[in-house]
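This report describes the fold and the interior packing of one protein chain. Please consult the sequence and the coordinates shown below alongside the text.

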Amino acid sequence: MVGDHCNLSGERPVLSQTPKTGLSCKMVLQAVGKVLRKSKGKPNGKKPAPEEKKLYLEPEYTKSRITDFEFKELVMLPREIDLNEWLASNTTTFFHHINLQYSTISEFCTGESCQTMAVCNTQYYWYDERGKKIKCTAPQYVDFVMSSVQKLVTDEDVFPTKYGKEFPNSFESLVKKICKYLFHVLAHIYSSHFKETLALELHGHLNTLYIHFILFIREFNLVDPKETTIMDDLTEVLCTTSGSVSSNGGGNGGGGGGNGSSSSGSSSSAGAQNHVKER
Ligand SMILES: [Zn+2]
């Protein structure tokens with residue numbers, strides 16, 4: 001049974017396990033304090049700036065990646081591979097990686113620190129299976145997302161793994177929903193937990209995951225560009241400099257042709273037509 005809304009009643013399979021980062025809470029807090037002191041400057045009695053500076057946009061951090069791999073090529077549908085298989089495999093992998101990335105900061109994402117699921121100035125609400133809007137804290141929201149996605153990707157009727165078993169008609173729209181929610185989680189990590197991510201020195205992982213994910217959803221038009229506008233400033237910086245990140249060197253990006261146009265949906269995808277327009 002595939003409902004229109006992600007199911008709420010799922011158990012909490014993944015997030016309930018606290019991550020073993022090898023760092024004690026105290027160590028991380030100390031490191032966070034250090035980053036905070038470094039980034040904020042002296043409080044000199046002036047009013048705070050109208051919009052808080054986005055630490056994740058600082059060039060010294062946006063440069064950080066764990067690989068210079070050309071993700072644009074990696075996300076493309078390989079010949080001989082079925083589109084749905086490709087979407088299923090990638091979506092499942094992104095779910096695991098984003099879940100893992102969130103788990104590294106989950107102890108700092110509490111009902112107190114994040115009373116709403118906020119990304120910059122936008123607040124997200126969860127909708128239960130009957131479509132009822134639910135106001136919830138960020139950790140609750142993420143838990144809803146991860147539980148329902150876990151349920152879907154392990155449902156043999158939705159993400160079939162057995163030979164000869166067909167994907168349901170609703171498969172693509174479900175993948176779109178999953179990607180939309182996973183994007184919210186990534187965006188929340190950036191907007192509310194970048195300092196902790198930095199303290200854990202995991203910003204290179206986060207940036208790399210973000211680039212890979214954004215290029216994937218663009219390639220197959222999986223998320224409405226309006227939905228991702230909120231992070232356009234970051235996307236612009238990360239996804240247009242992917243591959244050659246230094247301002248003076250550069251030379252490794254020849255021949256790619258990606259001249260930095262970040263307009264969504266402009267990339268021609270190999271086989272992704274007939275996208276259902278949502279909302
Ligand atoms: Zn949070």
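What should the 23 residues of helix 4 span at 1.5 Å a residue, and how far apart are its end C-alpha atoms? The model is predicted, and in it the expected span is 33 Å while the end C-alpha atoms lie 33 Å apart, so the two values agree.

**Overall fold**

The protein chain contains 9 helices and 4 strands. Read from the N terminus, the order of elements is α-α-α-α-β-β-β-β-α-α-α-α-α. Of its 279 residues, 31% count as buried. Among contacts between residues at least 6 apart in sequence, 80% join residues at least 24 apart.

**The largest nonpolar core**

The largest nonpolar core comprises 57 residues, and I178, L182, V185 and L186 have the most contacts inside it. Several elements each supply at least two residues of this core, including those tabulated here. Helix 6 gives the most, with 15 residues.

| Element | Residue range |
|---|---|
| Helix 3 | residues 71-75 |
| Helix 4 | residues 83-105 |
| Strand 1 | residues 117-119 |
| Helix 5 | residues 138-153 |
| Helix 6 | residues 171-199 |
| Helix 7 | residues 203-219 |
| Helix 9 | residues 232-240 |

Leaving aside residues up to four places away in sequence, I178 touches T91, F95, V149 and L152.

**Packing of helix 4**

The buried residues of helix 4 are W86, L87, N90, T91, F94, F95, I98, N99, Q101, Y102, T104 and I105. In an α-helix with 3.6 residues a turn, residues three or four places apart point the same way. The buried residues of helix 4 pack against helix 5, helix 6 and helix 7.

Definitions and conventions:
Residues are numbered from 1 along each chain as its sequence is written. This is a predicted model: local features need pLDDT of at least 70, side-chain atom pairs count only at pLDDT 80 or more; totals for chains, interfaces and linings use all residues. A nonpolar core is a set of buried Ala, Val, Leu, Ile, Met, Phe, Trp, Tyr and Cys residues joined through C-beta atoms within 7 Å. A residue is buried if 20 or more other C-beta atoms lie within 10 Å of its own, exposed if 12 or fewer, and partly exposed in between; C-beta atoms are placed from the backbone. Two residues are in contact if their C-beta atoms, placed from the backbone, lie within 7 Å. The expected span of a helix is 1.5 Å times one less than its number of residues.
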